[in-house]
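Subject: Handing over the structure

Hello,

Here is the structure I promised to pass on. Please have a look at it first, and then read on for what I found in it.

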Amino acid sequence: MPEGGSIVAKELVKVYGGKVRAVEGVSFEVPPGEIFGFLGPNGAGKTTTVSMLSAGLRPTSGQAIVDGIEVGRDPEAVKRRIGVIFQEATADGDLSGRENLEIAAGCYGISRSESRLRAKELIDQMQLADAADRLAKTYSGGMRRRLELAVGLVHRPRILFLDEPTLGLDPQGRAGFWSFIQKLRQENGMTVFVTTHYLDEADGMCERIAIIDHGKIVILGTPTELKDKVGGDVVTIKTSSETPDVTNVLKAIPGVSSIQRKETAYRVKCANGETFVPLAVGSVTKAGVGVAGVTVKRPSLDEVFLEFTGREFREEEGPTATDRAVMMGRVRDNFARRR
Amino acid sequence: MLREFAALTRREFLKLARNPQAIFTSLFLPLVYLLLFGQGFNINPAQYLPPGTPASVGLAIVHSYFRGAPNYYSYFSAGMVGFVALTATLFIGANVIFDKLFGIFKRTRGTPAPTAAVFGSRLVAGAAQPLALAFFVLGLAVLFKHIPGLNGLDVTASVTALGAGEVVLAILLLALMFATLFLTIGILLDVPQTYFAAVNLLNLPVLLTSDALYPWGSMPAWMQNVSQYNPVSLAVNVIRETLFGSSLYPYSAGVYLLGLFAWSAVLIGIALVLVRRALRPLE
């Protein structure tokens, strides 16, 4: 029996319109109080999974159990127990921060007087006191995200779902947002399920991480476990021409475990990058090919991501979630101006 | 349920109060109609009678032409109430679509607030506007009567408390009916252009098959027959009977109100089925 505050996904499948298989048999368990990261490229199935867990979407098959309740059986009860911070801004720009919070509290059946108290408490906690009675559309990006977080917390949930919570924020805003989450978690022991595009955030904040690609979890573990699976350093050598192919030249160097080639770039996994580089440059030059550049990377989540999805984390097709958020912001501003 | 409803209704009224342009626009449309269209179009069928025709004959023709009203302007003023009940509710569904586009609707749907509270709060706010506008129209039309050079609303029957109550009920039912219709369309659709296309497809036929603006005597018989069942006509008939007397109407105001109840019940019933399906807790 799952514990209170936990999240369990059992073979979750979501098929849209009978054709598009967005999520294909995702299973994992998040124990109470854990910060769990859910990473993947655009269209990998992150938001669909979050929607199924947070009572927004019905799974085609499989089970989602949140705080001990099966989502499909009692979605309303699940909504009362969870807070969701969506990737887009959902606070009403025509209302003040305080009004947004009071109305959100009312939507959970909280009395008017209690709503006022909770709004004040969260405004103070999120350092929005100076702007509490200003319209939300006048808030900066960071303030707006803090307001979103406050709205998601107004009913004191045991589990918090964050879908790309720091999208579009500057590094300072991101750091500030995460310090709030850390504080909340320390104070309330809240379970946090987060999808993010920022691997450094996931690395620093999450106790465990799952990477999803094409609707399936490709790897799950602690950040250290994931990085260990990549094995050794990653050296990228750029040559001045595509020919001749120097893959075999590089493979012959001791300590090399694998090589991936993309045009003039060779991504080499090796035991020790520092000792490998002089040998590699010498061998490539000796083979009659010029070296245009060399980079050495210690294993990071970027490398893990590349290893298990076959793609650079930022190498996305079409507009990214950030692009979409920026475009949506422009649409919203234009509409507000016209109104 | 009540707390959720109260919170969401508060939001609707706060948003309305924060949008003075929308309030001004909603007042401007009836103002222009009352000040320009009604003044310019104030036809009098008695003026074409041969000289020497007794005044009583002229009066009888006017009454018959305008179903008891003493002139077109008075007849039209009552019709304008039906007109604003329709036009003031047009944007209610568009607001839902914009709330969907801007994520606000998603936030509300992410809470356990029941569908009835989500729908009901918007319905109440949507129906309150035409109700307020109706009284603005009637008040303005009466005021014009006292301004030299302007035509105005001439109330020729003695209005009882019951009659006033029937007028309020008729306007409320009509506003609720249209608010339900446009809100349902807004909940079902996701694209503003599609919404406005659907709304245009509905509002003009509804308005132009009613007797809200046409003089009754100038309408062809088939149109008179059609307009008897039109909800705008039903509401306008209640107002005209109250303001000008019921002698030229085949039914009492109570019967017209029953007709409006029937329309409202059918539309709200259909809306409930469609909206419940569209706003299921899990999509």
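Let me start with the domains. Chain A is divided into domain 1, residues 7–221, and domain 2, residues 227–309. Please keep in mind throughout that this is a predicted model. The C-alpha centres of the two domains of chain A lie 39 Å apart. Where they meet, nine residues of domain 1 of chain A are in contact with six residues of domain 2 of chain A. On the domain 1 side, α7 (199–205), β9 and β10 of chain A each supply at least two residues, and the largest share, three residues, comes from α7(A). By class, that side of domain 1 of chain A has seven nonpolar and two charged residues, with no polar ones.

For the wider view of chain A, you will find 12 helices and 14 strands. Its C-alpha atoms fill a box of roughly 80 × 45 × 40 Å along the principal axes. Of the 339 residues in chain A, 45% are buried. Among the contacts in chain A with a separation of 6 or more, 70% are between residues 24 or more positions apart.

The sheet to look at

Chain A holds an open sheet of six strands, in the order β6-β7-β8-β3-β9-β10, with mixed pairing. Its edge strands are β6 (82–85) and β10 (216–221) of chain A, each of which pairs on one side only. From one strand to the next, the twist averages 15°.

I would begin with β3(A), residues 35–39. On one side, β3(A) pairs with β8(A), residues 191–195, in the parallel sense over four bridges. Within that pairing, Phe36(A) has Phe193(A) as its bridge partner, and Gly37(A) stands opposite Val194(A). The strand β3(A) also pairs with β9(A), again in the parallel sense and over four bridges. There, the bridge partner of Leu39(A) is Ile211(A).

Is β3(A) enclosed or open to the outside? Five of its five residues are buried, so β3(A) is largely enclosed by the rest of the structure. In a regular strand the side chains alternate between the two faces of the sheet. Both faces of β3(A) are covered: Ile35(A), Gly37(A) and Leu39(A) are buried on one side, and Phe36(A) and Phe38(A) are buried on the other.

Two helices lie across strands of this sheet. Helix α1(A), residues 46–53, lies across β3, β7 (159–163), β8 and β9 (208–213) of chain A, and runs at about 155° to β7(A). Helix α5(A), residues 141–153, lies across β6 and β7 of chain A, at about 160° to β6(A).

A hairpin further along

Later in chain A, strands β12 (256–262) and β13 (265–270) pair in the antiparallel sense over six bridges. One of the pairs is Val256(A) with its bridge partner Cys270(A) in β13(A). The two strands form a hairpin with two residues between them, and Glu263(A) in the turn has a positive phi of about 55°.

Where the chains meet

How many residues of chain A are in contact with chain B? There are 29 of them, in contact with 26 residues of chain B. The elements giving two or more residues to this side of chain A are α2 (75–81), α3 (97–107) and α12 (321–338). The largest share, five residues, comes from α3(A). By class, the side of chain A that touches chain B has 13 nonpolar, six polar and 10 charged residues.

A helix in chain B

Finally, please look at helix α11(B), residues 231–244. At 1.5 Å a residue, its 14 residues should span 20 Å, and its end C-alpha atoms are 20 Å apart, which agrees. All this helix's residues, 14 of the 14, are buried, so α11(B) is largely enclosed by the rest of the structure. After α11(B) comes Gly245(B), whose phi is positive, near 95°.

If you only have a few minutes, I would suggest β3(A) as the place to begin, with its buried residues on both faces. From there you can step to its partners β8(A) and β9(A).

Best wishes

Definitions and conventions
Residues are numbered from 1 along each chain as its sequence is written. Chains are lettered from A and ligands numbered from 1 in the order in which they are written. The expected span of a helix is 1.5 Å times one less than its number of residues. A residue is buried if 20 or more other C-beta atoms lie within 10 Å of its own, exposed if 12 or fewer, and partly exposed in between; C-beta atoms are placed from the backbone. Two strands pair if DSSP finds at least two bridges between them. Axes are lines fitted to C-alpha atoms, for helices over the stretch in contact, and angles run from 0 to 180 degrees between N-to-C directions. Two residues are in contact if their C-beta atoms, placed from the backbone, lie within 7 Å. Ala, Val, Leu, Ile, Met, Phe, Trp, Tyr, Cys and Pro count as nonpolar, Asp, Glu, Lys and Arg as charged, and the others, Gly among them, as polar. Domain bounds come from an automatic or database domain assignment.
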